[in-house]
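Visitor: I should like to learn how aromatic contacts and nonpolar surface are read from a model. May we work through an example?

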Amino acid sequence: MIGLSIVSLIILLGILIFIHELGHFLAAKRAGVGVLKFSLGFGPKLIGKKVGETEYQLSLIPLGGYVKLLGESEDGELSAADEKRSFQNQSVYRRFGIVAAGPVFNLLLAIFIFALVNMIGIPQLTSRIGGLSEGAPAQLAGLKENDLVEAIDGARLSRWDKLAEKISKSDGRALRLTVRRGDEIKEITVTPQAEKAKSLFGEEITVYRIGIKPSRQTVTERMNPLAATMQATIQTWNIAKLTVLSVVKMVQGVLSPKNLGGPILIAQMAGSQVKEGIIPFILFMALLSINLAILNLLPIPVLDGGHLLFFLIEMIRGKEVSVKWRERAQQVGLALIIMLMAFVLFLDIERLGLDFF
């Protein structure tokens with residue numbers, strides 16, 4: 001299991017990092033900026049090959065990667081031709097686009113994965129009722145086990161998630177359910193009941209339920225490429241919003257930082273997803289790709305978001321942020337990232353129940 005988790009983690013991070021750095025690489029090439037190095041991983045080089053002016057390499061520490069651009073950190077002077085191809089001599093808008101391309105490519109990877117899965121199709125619970133709670137609104141209204149809900153207030157549906165969504169968003173309003181019972185079609189009105197529950201962030205919320213649970217019946221729906229891509233874009237947007245909200249809730253103190261996970265937790269989850277099959281694994285990859293994109297866009301120096309913040313300030317002021325301020329911000333950002341990495345690693349070790357003290 002440990003070996004499978006490690007291999008899964010390497011494959012997972014390798015693909016996510018490659019796609020991220022590929023975004024920077026292609027954007028730089030399109031802008032006419034020279035690319036000196038494309039590295040998967042940090043630290044000492046394991047293997048590498050130079051093609052043209054770019055050296056492609058695999059480095060020892062697989063927890064990241066980087067693209068080194070011409071003029072980004074040159075010690076010597078550049079020729080007149082190279083000055084034009086230097087990253088620092090590009091317009092602020094081009095530099096912004098090159099840096100933003102990494103997170104954008106991670107989001108595009110998620111859209112691609114979701115679209116692919118939407119076209120292949122995965123089993124979804126149908127809207128057939130598998131059981132009712134005693135004395136709940138559904139039972140009192142006359143619904144029965146094995147009833148198939150085909151519509152709510154005239155709106156057709158066939159999946160359990162859509163049925164649950166309609167009920168939860170009812171605000172307690174009476175709903176007209178179109179139900180198939182054997183060969184009969186019945187119209188049954190049921191009024192959802194308000195209940196207290198916990199949100200994803202542990203906050204107390206009010207939800208509306210009618211006291212039903214799904215059967216085990218499933219249906220596989222396959223979409224055409226256009227519909228699959230549109231749905232994938234919506235799915236990616238919703239998960240991105242949830243990720244941003246999670247960060248906000250953590251800053252507000254609503255969500256505990258102990259929910260964070262480091263490489264050990266990711267490896268465990270990747271291994272378990274691989275055991276479930278290729279579809280669960282690539283869906284997990286899509287989820288992590290979105291998280292990687294959003295976290296990289298945080299306005300912390302060292303991360304892409306920190307560079308983008310400097311570019312935005314430059315756009316507003318009409319001149320670059322001074323080197324002194326950028327260097328100080330980079331030092332603070334690096335310290336924050338190191339502390340965060342140490343913290344999530346400590347949480348991972350704590351979850352394993354290990355004691356090194």
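Visitor: Which residues form one aromatic cluster here?

Guide: The model is a predicted one. Its aromatic cluster is made up of F18, F25, F38 and Y56.

Visitor: How many aromatic pairs does a search of the whole structure find?

Guide: Rings count as a pair if their centres lie within 6.5 Å. On that basis the search of the whole structure yields five aromatic pairs. One of them joins F25 and F38, with 5.6 Å from centre to centre and 80° between the planes. Planes over 60 degrees apart count as edge-to-face, and the F25–F38 pair is therefore placed in that class.

Visitor: Which parts does the pair of F25 and F38 tie together?

Guide: F25 belongs to helix α1 (residues 2–30), whereas F38 belongs to strand β1, so the pair links parts that are 13 residues apart in sequence.

Visitor: Are F25 and F38 buried or exposed?

Guide: Both F25 and F38 are buried, a term that requires under 20% relative accessible area.

Visitor: Let us turn to the surface. Which residues make the nonpolar surface patch?

Guide: The patch covers about 630 Å² and consists of F42, L46, I47, L58, L60, I61 and L63. The elements that give two or more residues to this patch are β1 (35–51) and β2 (54–69). β2 gives the most, with four residues.

Visitor: Why does L60 count as partly exposed?

Guide: L60 lies in strand β2. Partly exposed is the class between buried, under 20%, and exposed, over 50%. L60 has a relative accessibility of 49%, and therefore counts as partly exposed.

Methods: Residues are numbered from 1 along each chain as its sequence is written. This is a predicted model: local features need pLDDT of at least 70, side-chain atom pairs count only at pLDDT 80 or more; totals for chains, interfaces and linings use all residues. Side-chain values use heavy atoms; hydrogens and water are left out. Patches are made of residues with over 30% relative accessible area and no salt bridge: like charges are joined within 9 Å, nonpolar side chains (Val, Leu, Ile, Met, Phe, Trp, Tyr) within 5 Å. Accessible areas come from the Shrake-Rupley method with a 1.4 Å probe; for residues, only the protein chains shown count as cover. A salt bridge is a side-chain nitrogen of Lys or Arg within 4 Å of a carboxyl oxygen of Asp or Glu. Buried means under 20% relative accessible area, exposed over 50%, partly exposed in between (1.4 Å probe, protein chains only). Rings of Phe, Tyr and Trp (its six-membered ring) pair if their centres lie within 6.5 Å; planes under 30 degrees apart count as stacked, over 60 as edge-to-face and the rest as tilted.
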